[in-house]
Amino acid sequence: NDSVLKLTQDPNQWVLQTGDYANTRHSKLKQITTDNVNKLQVSWTFSTGVLRGHEGSPLVVGDIMYVHTPFPNIVYALDLNNEGKIIWKYEPKQDPTVIPVMCCDTVNRGLAYADGKVFLHQADTKVVALDAKTGKVAWSVVNGDPKKGETNTATVMPVKDKVLVGISGGEFGVQCHVTAYDINTGKQAWRAYSVGPDSQILFDEKTTALGKPVGKDSSLATWQGDQWKTGGGCTWGWYSYDPQLNLIYYGSGNPSTWNPKQRPGDNKWSMTIFARDADTGVAKWVYQMTPHDQWDFDGINEMILADQQIGGQTRPTLVHFDRNGFGYTLDRKTGELLVAEKFDPAVNWATKVDMDKNSPTYGRPLVVDKYSTEKNGEDVNTTGICPAALGTKDQQPAAFSPDTGLFYVPTNHVCMDYEPFRVSYTPGQPYVGATLSMFPAPGSHGGMGNFIAWDAKQGKIVWSNPEQFSVWSGALSTAGGVVFYGTLEGYLKAVDAKTGKELYKFKTPSGIIGNVMTYTHKGKQYVAVLSGVGGWAGIGLAAGLTDPNAGLGAVGGYAALSNYTALGGQLTVFAIPQ
Ligand SMILES: O=C(O)c1cc(C(=O)O)c2c(n1)C(=O)C(=O)c1cc(C(=O)O)[nH]c1-2
């Protein structure tokens with residue numbers, strides 16, 4: 001989309017959740033530097049009026065800031081020329097029965113802007129285009145049915161004359177998809193499922209995996225009978241776009257149910273990186289990271305597009321930090337696998353990814369028997385699996401700095417015990433089939449997270465800062481050499497991009513699971529973040545749960561969080577006073 005391409009090149013504004021189409025979350029702004037970041041102060045604040053997990057970030061387009069909330073997904077347009085005065089407010093009417101069908105809190109990962117419109121994808125799957133100046137609804141379309149467990153938490157991605165939207169429901173046996181709607185009318189242009197027949201997954205004879213054509217009905221061949229119809233592969237993460245290659249990139253989530261015994265086969269194309277033609281949706285290449293998932297390692301985390309020198313050559317790479325604990329570097333043009341290494345030494349469920357092109361298991365993780373949750377066709381209770389189901393990294397997006405060549409990754413350092421159980425499918429009812437408990441990675445620093453810098457050319461950690469809790473907030477890298485992120489206790493932190501040295505921290509009113517963004521107004525650089533504890537890690541606080549196994553195992557794992565923070569819903573905007 002031309003307006004998005006133009007505006008994302010202007011560092012004074014922030015018009016996509018991901019910062020740019022490449023998902024770098026890097027800003028060229030450099031008034032705030034490693035030397036002066038310790039002078040940051042709160043400039044202004046805004047209460048959203050909602051008290052559950054606040055993911056995503058505000059947008060800034062010109063002199064207006066757009067702020068969204070978790071369910072009921074209120075949108076505020078704030079006047080930056082008038083101390084954040086509310087220009088307009090849009091409050092959708094949604095049936096609250098959608099709340100119990102959202103697996104991991106009532107979060108929403110934010111708005112997008114294109115062509116004078118602000119796009120909201122509500123929890124109940126209604127996609128709404130709002131006039132950016134007035135907040136009036138230009139069009140809306142319904143993308144799914146919450147009665148079948150279909151909900152939404154993701155942002156949308158405007159590409160050319162379409163907006164791309166995903167869907168959630170992997171814990172409810174939804175057959176998930178990506179859909180492109182006409183940006184001016186909301187008319188459906190194409191829909192591509194993750195699992196199912198070629199006509200539904202939009203594969204053709206040219207679609208490849210690891211350089212080879214996947215062949216006919218490559219998904220159906222890896223499921224028993226009709227199981228693909230409740231097969232999951234949800235698309236609730238982030239989308240990126242390469243305008244030169246005209247390809248969009250995203251990952252699919254877990255196969256349903258979590259009990260692996262109930263769905264024999266590789267369960268393609270769940271847990272897969274997709275490269276699709278932006279105009280037609282047809283898949284150019286795919287790569288399945290975790291065939292026949294046994295741990296709920298959804299593959300939906302962001303795909304960061306960066307050109308890097310590998311083996312003496314500049315390659316158009318895609319870098320992805322998967323839930324399964326491997327940091328992948330691929331050639332985004334061809335789908336060739338270049339690097340796959342653990343980005344947390346605690347990862348134990350697989351020894352490595354087989355990188356031998358001549359091996360029959362090329363590209364597959366070599367699974368450690370002891371940490372499988374299914375053996376000889378039977379489900380088994382398994383202990384000490386690292387990472388836990390919420391992965392070495394969940395949805396919280398990483399950042400890439402072209403200045404240092406490093407990726408800045410918010411991570412989890414959590415392990416789990418996993419007890420699969422038989423579950424039967426009823427539309428709109430949980431289709432989970434496992435009980436989990438979670439705990440900090442044993443024999444380590446005792447905390448549940450790290451904030452790391454990663455070299456994706458070699459697959460190596462450059463530095464790592466231990467954190468008491470998982471870092472559930474998205475990182476921001478800046479040309480001032482400063483990297484920002486938030487913590488579950490509620491700190492906004494600034495660290496030196498080169499060394500990781502902590503330069504500044506400030507405790508905001510609630511735990512941070514939002515993503516840090518930056519913009520300028522009247523020539524001055526600001527940094528903004530939403531506070532409001534929640535998401536899967538904070539579900540105990542967000543939903544008031546206390547049974548340690550509740551919240552799919554997160555309640556017990558993160559119980560100590562209640563000693564540090566409480567519910568909130570606030571935007572905090574920082575600047576250096578003059
Ligand atoms: O399979 C799915 O449809 C689905 C959806 C969501 C979601 O929409 O938030 C999450 C997950 N799975 C999931 O596995 C997960 O770890 C998770 C964490 C979060 C969060 O916002 O903190 N959402 C989700």
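Colleague: Which residues line the second largest cavity?

Modeller: Leu-16, Gln-17, Thr-18, Thr-155, Val-156, Met-157 and Tyr-239 do. A cavity is a set of points on a 1 Å grid over the protein atoms alone where a 1.4 Å probe fits but cannot get out, and a lining residue has an atom within 4 Å of a point. This is a predicted model, in which local features need pLDDT of at least 70 and side-chain atom pairs count only at pLDDT 80 or more, while totals for chains, interfaces and linings use all residues. Residues are numbered from 1 along each chain as its sequence is written, and side-chain values use heavy atoms, with hydrogens and water left out.

Colleague: How many nonpolar, polar and charged residues are in that lining?

Modeller: The lining of the second largest cavity has 4 nonpolar, 3 polar and no charged residues. Ala, Val, Leu, Ile, Met, Phe, Trp, Tyr, Cys and Pro count as nonpolar, Asp, Glu, Lys and Arg as charged, and the others, Gly among them, as polar.

Colleague: What volume does the largest cavity have, and which residues lie nearest its centre?

Modeller: Its volume is about 280 Å³, the space filled by probe spheres set on grid points joined across faces, edges and corners. Of its 27 lining residues, Cys-103, Cys-104, Arg-109, Glu-171 and Trp-236 lie nearest the centre. The second largest cavity holds about 40 Å³.

Colleague: Where does the ligand sit?

Modeller: The ligand sits in the largest cavity, a term that requires more than half of its atoms to lie within 2 Å of the cavity's grid points. The ligand is surrounded by 20 residues, the closest being Glu-55, Thr-153, Ser-168, Gly-169 and Asp-394; a residue counts as near if one of its heavy atoms lies within 4 Å.

Colleague: Why is the approach of Asp-394 to the ligand called a polar contact?

Modeller: A polar side-chain atom of Asp-394 lies 2.7 Å from a ligand oxygen, and the term covers a pair of N or O atoms within 3.5 Å, so the pair qualifies. A backbone N or O atom of Gly-170 lies 2.8 Å from a ligand oxygen, and a side-chain N or O atom of Asn-254 is 3.2 Å from one. Taken alone, the ligand exposes 470 Å², of which the protein buries 98%, by the Shrake-Rupley method with a 1.4 Å probe.

Colleague: What makes Cys-103 and Cys-104 a disulfide, and why is this disulfide left-handed?

Modeller: Their sulfur atoms are 2.2 Å apart, and the limit is 2.5 Å, so the pair qualifies. The torsion about their S-S bond is about -100 degrees, and the disulfide is therefore left-handed.

Notes:
A polar contact is a pair of N or O atoms within 3.5 Å; within protein, one must be able to donate a hydrogen and the other to accept it, and residues adjacent in sequence count only if both atoms are side-chain atoms. On a 1 Å grid over the protein atoms alone, a cavity is a set of points where a 1.4 Å probe fits but cannot get out, and a pocket is an open set with protein on both sides within 12 Å along at least five of seven lines; lining residues have an atom within 4 Å of a point.
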